[in-house]
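Me: I am new to this structure and would be grateful for a close look at a single part of it. Please choose one strand, describe its surroundings with care, and then relate it to other parts.

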Amino acid sequence: MAKQFIIGENTSDAMKNLKKIRKDGFAFTVDILGEASVSEIESEAYLNEYIELLDALKKEHTSWAALGGGELDWGHAPKVNISVKPTALFSQASPKDFEGSVRGIEKRLAAILRKVKEMNGFMRIDMEQYKFKDITLEVYRRLRSCEEFRDYPHLGIVLQAYLKDTDKDLADLLAWSRAQGLPISVRLVKGAYWDSETVIAKQNGWDIPVWTIKAESDAAYERQAKVILENHDICHFGCASHNIRTIAAVMETAKALNVPDERYEFQVLYGMAEPVRKGLMKVAKRVRLYAPYGDLLPGMAYLVRRLLENTANESFLRQSFAEEAE
Ligand code: FMN
């Protein structure tokens, strides 16, 4: 069951499935399963796995160009695209040591980005738990603006609409981008850690950082998507959702604001909501699959989040149908 959400347990299986994804007309972003590593040996191994992945992609992806398919029609988009979870790259990451955490993550992310740049690819830094949010944003700003990469726009970040901070974080990021004269790329998601964020905050007597009613997250997403689309001259938009209302709102807003097609794309998770993915392909064409692979054991947290969401989606749908039938 869990295997439906991954494209393989090793690089060679992943390459076969990526080729198929490409043949079906989808773009991809590859992620190696893993998060919150517990030792520097593990973090270094995770870095090396990404280097191995990039070597494999380098060898394979040019031959996929002949396959045709969606992404090849988006002249602007790099063909190689990876997503990376920052906490897997530095075992000592902790909000208690902000500067040390930023530096520890930045060092290994820079090594991956160097290789991505050589291949003219794209790297997205995934967003994880709330406690790492400010560290992750700072890593993004430093990498994006450092001398080595400031001329390289293909580095993106993720914002989570369920966080009460996100309206401000987005405004700050856009202001920073304009002040620096550096274009950015934002993948907007609802956020995948709602349960744990709520439990942790309650246990510690902290303010809950996430919206507690689902409709508030959905409304925040639409509001923030509009802000990103209004700033499409400096901010490329990855609309990552399987929710039809969210997707429709983004399409309508983009149309109303005359946003050029190449300034936004749709992203879905491999193995989730297949009919949505196919429908999107027909309507929007530019669809990227988030495609994880790797050992199932370290990937367990990712897989559990997907299984929970899948069941939540089903019960959400059942609930809507039941309400309509009443
Ligand atoms: N959630 C995160 O908290 N951080 C991420 O980096 C992240 N990346 C995602 C990438 C893609 C392509 C998609 C589709 C989702 C991602 N998610 C991420 C999961 C979403 O936050 C969310 O849990 C999931 O998409 C369900 O919301 P939906 O009903 O709007 O699809």
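**Strand β6 and its surroundings**

Reply: Strand β5 (residues 184-189) and β6 run parallel and are joined by five bridges. The model described here is a predicted one. Within this pairing, Arg 187 has Gly 238 of β6 as its bridge partner. β6 is also joined to β7, by four bridges, and these two strands likewise run parallel. Here Cys 239 is matched with Phe 266, its bridge partner in β7. β6 is therefore paired with both β5 and β7, since two strands count as paired when at least two bridges are found between them.

The strand itself covers residues 235-240 and is mostly covered, with six of its six residues buried. In a regular strand, side chains alternate between the two faces of the sheet. In β6, Cys 235, Phe 237 and Cys 239 point one way, while His 236, Gly 238 and Ala 240 point the other way; all of these are buried. Gly 238, the bridge partner of Arg 187, and Cys 239, the bridge partner of Phe 266, thus belong to the two opposite sets.

From β6 the description may pass through β7 to the ligand. The ligand is surrounded by 19 residues, and the closest are Asp 126, Val 189, Ala 192, Ser 241 and Gln 267. β7 (264-269) and β4 (155-160) each contribute at least two residues to this shell. The largest share, three residues, is that of β7. By character, the shell consists of nine nonpolar, seven polar and three charged residues.

A second strand invites comparison. Strand β1 (residues 27-32) is mostly covered, and six of its six residues are buried. Ala 27, Thr 29 and Asp 31 lie on one side of β1, with Phe 28, Val 30 and Ile 32 on the other, and all of them are buried. Six bridges join β1 to strand β8 (residues 287-293), and the two run parallel; in this pair, Phe 28 has Leu 289 as its partner. β1 also pairs in the parallel sense with strand β2 (residues 81-84), over two bridges, where Val 30 stands opposite Ile 82.

Helices complete the account. The axes of helix α2 (residues 40-64) and helix α3 (residues 98-118) come within 10 Å and cross at roughly 5°, which makes α2 roughly parallel to α3. Among the residues making this contact are Leu 47 and Tyr 50 of α2 and Ala 111 and Ile 112 of α3. The contact residues comprise seven nonpolar, one polar and two charged.

Conventions: Residues are numbered from 1 along each chain as its sequence is written. This is a predicted model: local features need pLDDT of at least 70, side-chain atom pairs count only at pLDDT 80 or more; totals for chains, interfaces and linings use all residues. Axes are lines fitted to C-alpha atoms, for helices over the stretch in contact, and angles run from 0 to 180 degrees between N-to-C directions. Angles under 35 degrees count as roughly parallel, over 145 as roughly antiparallel, 65 to 115 as roughly perpendicular and the rest as oblique. Two residues are in contact if their C-beta atoms, placed from the backbone, lie within 7 Å. Ala, Val, Leu, Ile, Met, Phe, Trp, Tyr, Cys and Pro count as nonpolar, Asp, Glu, Lys and Arg as charged, and the others, Gly among them, as polar. A residue is buried if 20 or more other C-beta atoms lie within 10 Å of its own, exposed if 12 or fewer, and partly exposed in between; C-beta atoms are placed from the backbone. A residue is near a molecule or strand if its C-beta atom, placed from the backbone, lies within 6 Å of it.
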